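Please look over the structure shown here, beginning with its open space and then moving to the packing of its side chains.

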Amino acid sequence: MRRFQLLRKLPFLWSQRAGAQDGETRLLIPKGESDDGPATGASVYQGTETGDSDRPGEAEGQKDGPPDAPSSGPRRPPDTLGDYLLKLVLLTCNLVFTAFGLSLLGLGLWGLVNKESFAQERIGQIGTDPMLLFLLLGLLMSLTCVTGCVGALRENYCLLRVFSAMVLTMVAAQVLAAILAYSLQDKIVGVLRSGMLLAMARYQDDLDMRFITDEIQTGLQCCGADNYRDWEVNVYFNCSAPGMQACGVPASCCLDPLENGTVWNSQCGFRALELGEFTAQSVIFLGGCLGSMARWIEQHNGLIGTVAVALLLVQVLVLFVTTRLMDKIHWNRAVTQHYAQVSRT
């Protein structure tokens with residue numbers, strides 16, 4: 001008898017299997033119903049109810065999950081009105097300077113091609129060609145402004161950093177040039193005199209020198225560097241020259257180089273160096289171009305200073321806007337990385 005009671009207490013495998021089968025085949029009876037009567041509330045079937053302990057993941061996720069975590073992953077902060085204004089100012093300034101740089105680039109390239117400076121017999125003298133300066137200056141300005149435009153449109157931090165470094169270098173170079181020009185005025189006058197005499201000596205040989213010299217003498221109404229007799233440095237206008245231009249000056253030195261107002265009279269300065277100053281003043285300009293340049297600068301120093309300061313301020317404004325835009329991009333990256341880290345946790 002005692003042995004039989006001990007066997008009933010042992011948990012045999014078939015008893016567990018039978019209990020599971022009974023639970024699976026048992027009819028779904030509403031939990032609220034019983035043999036005594038129907039349920040009074042909503043029907044919940046026996047064996048299908050789940051408590052908080054059956055879904056620990058959802059409960060713990062609702063309790064422990066961060067309330068600020070985004071549901072759609074990392075997101076970029078929206079652009080404000082200030083961001084659009086920064087881009088607009090930067091793009092406008094860059095487009096204006098890009099157009100100016102492309103104009104200089106086109107002028108320099110046109111001058112080099114028109115004079116056939118890339119020909120084999122003239123390629124060695126291209127380094128002293130003034131048109132090369134326009135070409136390089138226009139190329140540098142265009143590349144700088146295009147870098148700024150692309151960096152602002154694409155919000156590329158690397159391009160904006162290169163652009164700001166280039167603008168800062170140009171601003172520093174301009175300030176340094178202004179300081180040197182003010183402190184070395186006497187030496188600058190000597191350099192201008194040497195350059196003017198060189199252009200006069202190469203007047204017939206270099207079309208660029210000829211064009212620049214004629215424009216200066218016609219615009220400032222002058223002749224030569226210090227006076228009209230400086231043209232003796234030219235081998236063709238020297239009085240010892242055998243040609244017809246001996247003891248003469250270019251037509252740009254004449255008071256009225258246009259005959260009848262329409263045709264350029266290239267012989268108006270014929271034998272002008274043989275004339276005295278009293279007689280020559282009725283035919284050509286006697287004063288030199290260096291003095292005319294000094295007087296023109298004195299008369300327009302206010303306008304020159306205003307334009308120089310305005311250009312410098314525009315460049316400083318561009319540098320400031322670029323710096324603010326770079327800070328905004330850096331802040332957007334930091335916020336995006338923060339959201340990404342929060343979403344991963």
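In this predicted model, the largest pocket holds about 1,100 Å³ of space. Its lining is made up of 37 residues, and the closest to the centre of the pocket are Gln-174, Ala-178, Ala-181, Ile-304 and Ala-308. The elements that each give two or more residues to this lining are α4 (81–114), α5 (130–154), α6 (157–183), α7, α10 and α11 (301–344), and the largest share, 11 residues, comes from α11. Sorted by class, the lining of the largest pocket consists of 29 nonpolar, 6 polar and 2 charged residues.

From the pocket we turn to the nonpolar cores. The largest of them has 22 residues, and those with the most contacts inside it are Cys-223, Tyr-228, Trp-231, Val-249, Cys-253 and Ile-284. Two elements, α7 (185–201) and α10 (289–299), give two or more residues to this core. Apart from it lies another core, of 16 residues, which includes Leu-86, Ala-152, Val-167 and Leu-325.

Which residues surround Cys-223, once its neighbours within four places in sequence are left aside? Cys-223 is then in contact with Gln-217, Tyr-228, Trp-231, Val-249 and Cys-253, and also with Phe-285, Leu-286, Gly-287, Gly-288 and Cys-289.

Trp-231, which is among the residues with the most contacts inside the largest core, also leads into the aromatic pairs, of which the structure holds 3. One of these pairs is formed by Tyr-203 and Trp-231, whose rings meet edge-to-face at 5.2 Å centre to centre, with 85° between the planes. Because Tyr-203 lies in the loop between α7 and α8 (207–220), whereas Trp-231 lies in the loop between α8 and β1 (258–259), the pair ties together parts that are 28 residues apart in sequence. Both Tyr-203 and Trp-231 are buried. Trp-231 also forms an aromatic pair with Phe-237, again edge-to-face, at 5.5 Å centre to centre and with 85° between the planes.

Why do Trp-231 and Phe-237 count as buried? Trp-231 does so because its relative accessibility is 0%, and Phe-237 is buried with a relative accessible area of 4%, where the cut-off for a buried residue is under 20%. Taken together, Tyr-203, Trp-231 and Phe-237 form one aromatic cluster, in which Trp-231 is paired with Tyr-203 and with Phe-237.

Note on methods. Residues numbered from 1 in each chain as written. Predicted model: local features only at pLDDT ≥ 70, side-chain atom pairs only at ≥ 80, totals over all residues. Heavy atoms only, no water. Core = buried A, V, L, I, M, F, W, Y, C linked by side-chain atoms within 4.5 Å. Buried < 20%, exposed > 50% of the residue type's maximum accessible area, 1.4 Å probe, protein only. Helix = DSSP H or I, 4+ residues; strand = E, 2+ residues; numbered from the N terminus. Contact = heavy atoms within 4.5 Å. Phe/Tyr/Trp six-rings, centres within 6.5 Å; stacked < 30°, edge-to-face > 60°. 1 Å grid on protein atoms, 1.4 Å probe; cavity = no way out; pocket = protein on both sides within 12 Å on 5 of 7 lines; lining within 4 Å. Points joined across faces, edges and corners; volume = space filled by probe spheres on them. Nonpolar A, V, L, I, M, F, W, Y, C, P; charged D, E, K, R; others polar.
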